[in-house]
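Student: I should like to learn how to read the features of a protein model, one at a time. Where should one begin?

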Amino acid sequence: MSNFTLIGATLADGSKANIAVKDGLIVSIGTETSGDSIDASGLVALPGFVDLHTHLREPGFEQSETVKTGSQAAAKGGYTAVHAMANTHPVADTAGVVEQVKALGDEAGYVQVQPIGAVTVGLDGKQLAELGAMADSKAQVRVFSDDGKCVHDPLLMRRALSYVKNFGGVIAQHAQEPRLTENSQMHEGAVSTELGLAGWPAVAEESIIARDVLLAEAAGSRIHICHLSTAGSVEIVRWAKARGIKVTAEVTPHHLLLTDELARSYDPVFKVNPPLRTQKDVTALREALIDGTIDIVATDHAPHPDESKDCEWNAAAFGMLGLETAASIAQSVLIDSGLSNWARFVEVMSSAPAAISGIPGQGRPLAVGEPANIALIDQSAKRVIHGGGASKSDNQPYEGMTLPGAVVHTIFRGAFTVRDGKLVERG
Ligand SMILES: [Zn+2]
């Protein structure tokens, strides 16, 4: 179906309109119709979401996720683009691997898969990877990250920041001081002491962020901070922005909703890096997302097979799913709270992540002539979360919880990837 009209959709500003799509583009917004009519009354039409932080696991860890299954989960979550983290096997540290990941994304056809390149060879933190070759490759990499690991050597970080400036790139830092977090299992605080689990102190994140915003300032470069998790990190980013440092920051849906109290269950589904923090941190992160200190919501979707999670806490892998639940949590924080609006939702879920990475054709406003990348949400729906959805793994932390909102349709380059909540066969 290359020509259709979404009838009576609600736009982010609250107005209602018909959105006509033809040959992959939005051709009119208003009262006109063309092609097949699709009732969109009661649905909010938004630019397709863009995730800056997704672990698709392929190549190398296909028992957890593949580019195809991860893309399907993304489409069900309203996404039309995801950025695939580099901690695969082999690591995405060469032009060959990033081109392979991009090709797998194109083949799956559910979302635009934009590879992230590793900062250091093999994520070993010792030698810069071929950043220029990845930037010049068919994958056109602009975001580089050793995510899962911190680029902890300040000299390497400084060099990387300077180097990527040449082509408008950005380093995305997983801020975790390694010595302060050796064997860490959960947030360091009252609960970790009570449970006897080794703590991951807030200062291990905050000290790296403080260092890196100063390095970025000295280099005159952009830096992006992955998954802020503490109130102190928010304060540092707020200070850096006020100073004019080119820093952007993300928060995950789980850090906006869940706390370290959940570790009392000893259920490793709640084991994640950085760890779930305290209610005070959650409150600070929510405020920062609303006031613009934090720029985007990024999922850190991290699938793991049962054998990595159905074990005792200390042996379990870090990470949780996020693609199919992120929009619900963003809606809860920004809309249902009464504290913000759909315009801000569009920024944090679509336009700002696209701007940080410079990914073409994504994060664009719904307007005539723009690519038809659209998510349609039923704001009033209530969903009880069960199982892992389209992901190959099941490790989502919201089992049995009721979350607001549901993605009803996702349209990627003018074609339905999700229709009436169900995946459409592609390829
Ligand atoms: Zn990370």
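Tutor: Let us begin with burial. A residue counts as buried if 20 or more other C-beta atoms lie within 10 Å of its own, as exposed if 12 or fewer do, and as partly exposed in between. Please keep in mind throughout that this is a predicted model.

Student: With that cut-off in hand, is H83 buried or exposed?

Tutor: H83 has 27 other C-beta atoms within 10 Å, and therefore it is buried. H83 is placed in strand β7.

Student: Which residues does H83 touch, leaving aside those up to four places away in sequence?

Tutor: H83 touches D51, L52, H53, T54, Q114, I116, V143 and S357. For E130, which is 47 residues from H83 along the chain, the separation of the two C-alpha atoms is 19 Å.

Student: Can burial be read for a whole helix? How many residues of α1 are buried?

Tutor: Helix α1, residues 67–76, is mostly covered, with 10 of its 10 residues buried. Among them are V67, K68 and K76. After α1 comes G78, which has a positive phi near 90 degrees.

Student: How does α11 read by the same approach, and which of its residues are buried?

Tutor: Helix α11 is also mostly covered, as eight of its 11 residues are buried. These are A326, A327, S328, I329, A330, Q331, V333 and L334. The glycine that follows α11 is G338, and its phi is positive, near 80 degrees.

Student: How should I describe two helices that pack together?

Tutor: Two packed helices are described by the angle between their axes and the distance between the axes. For α6 (residues 202–219) and α7 (residues 231–242), the angle is about 10 degrees and the axes are 9 Å apart. Angles under 35 degrees count as roughly parallel, and α6 and α7 are therefore roughly parallel to each other.

Student: Which residues of α6 and α7 meet?

Tutor: From α6 come A202, E205, E206, I209, A210 and V213, and they meet G232, S233, I236, V237 and A240 of α7. Sorted by class, this contact of α6 with α7 has seven nonpolar, two polar and two charged residues.

Student: At what angle do α11 and α12 cross?

Tutor: The axes of α11 (residues 326–336) and α12 (residues 342–357) cross at roughly 140 degrees and come within 10 Å. That makes α11 oblique to α12. The crossing of α11 past α12 is right-handed.

Student: Which residues form the contact between α11 and α12?

Tutor: On the α11 side they are A327, A330, Q331, L334 and I335, and these meet W342, R344, F345, V348 and M349 in α12. By class, the contact of α11 with α12 has eight nonpolar residues, one polar and one charged.

Student: I should next like to understand unusual backbone geometry. What is the usual case?

Tutor: Most residues other than glycine have a negative phi, and most peptide bonds are trans. Two bonds deserve attention here. H89 and P90 are joined by a cis peptide bond with omega of about 0 degrees, and P90 lies in the loop between β7 and α2. N273 and P274 are likewise joined by a cis peptide bond, with omega of about -5 degrees; P274 lies in the loop between α8 and α9.

Student: What is notable about the phi of D23, and where is D23 found?

Tutor: D23 is not a glycine, yet its phi is positive, about 50 degrees. D23 sits in the loop between β2 and β3. Because D23 has 10 C-beta neighbours inside 10 Å, it counts as exposed.

Student: What may be said of R413?

Tutor: R413, a residue other than glycine, has a positive phi near 50 degrees. R413 is found in the loop between β17 and β18. With 18 other C-beta atoms within 10 Å, R413 is partly exposed.

Student: Finally, into which domains is the protein divided?

Tutor: Domain 1 covers 3–44 + 370–423, and domain 2 covers 48–357. Their C-alpha centres lie 25 Å apart. In the contact, 30 residues of domain 1 meet 39 residues of domain 2.

Student: Which element gives the largest share of the side of domain 1 that touches domain 2?

Tutor: That element is β17, with six residues. By class, the side of domain 1 that touches domain 2 has 15 nonpolar, 11 polar and four charged residues.

Terms used:
Residues are numbered from 1 along each chain as its sequence is written. This is a predicted model: local features need pLDDT of at least 70, side-chain atom pairs count only at pLDDT 80 or more; totals for chains, interfaces and linings use all residues. Axes are lines fitted to C-alpha atoms, for helices over the stretch in contact, and angles run from 0 to 180 degrees between N-to-C directions. Helices (H or I, at least four residues) and strands (E, at least two) are DSSP runs, numbered from the N terminus. Angles under 35 degrees count as roughly parallel, over 145 as roughly antiparallel, 65 to 115 as roughly perpendicular and the rest as oblique. A crossing is left-handed if the near helix is turned anticlockwise from the far one by less than a right angle, and right-handed if clockwise. Two residues are in contact if their C-beta atoms, placed from the backbone, lie within 7 Å. Ala, Val, Leu, Ile, Met, Phe, Trp, Tyr, Cys and Pro count as nonpolar, Asp, Glu, Lys and Arg as charged, and the others, Gly among them, as polar. Domain bounds come from an automatic or database domain assignment.
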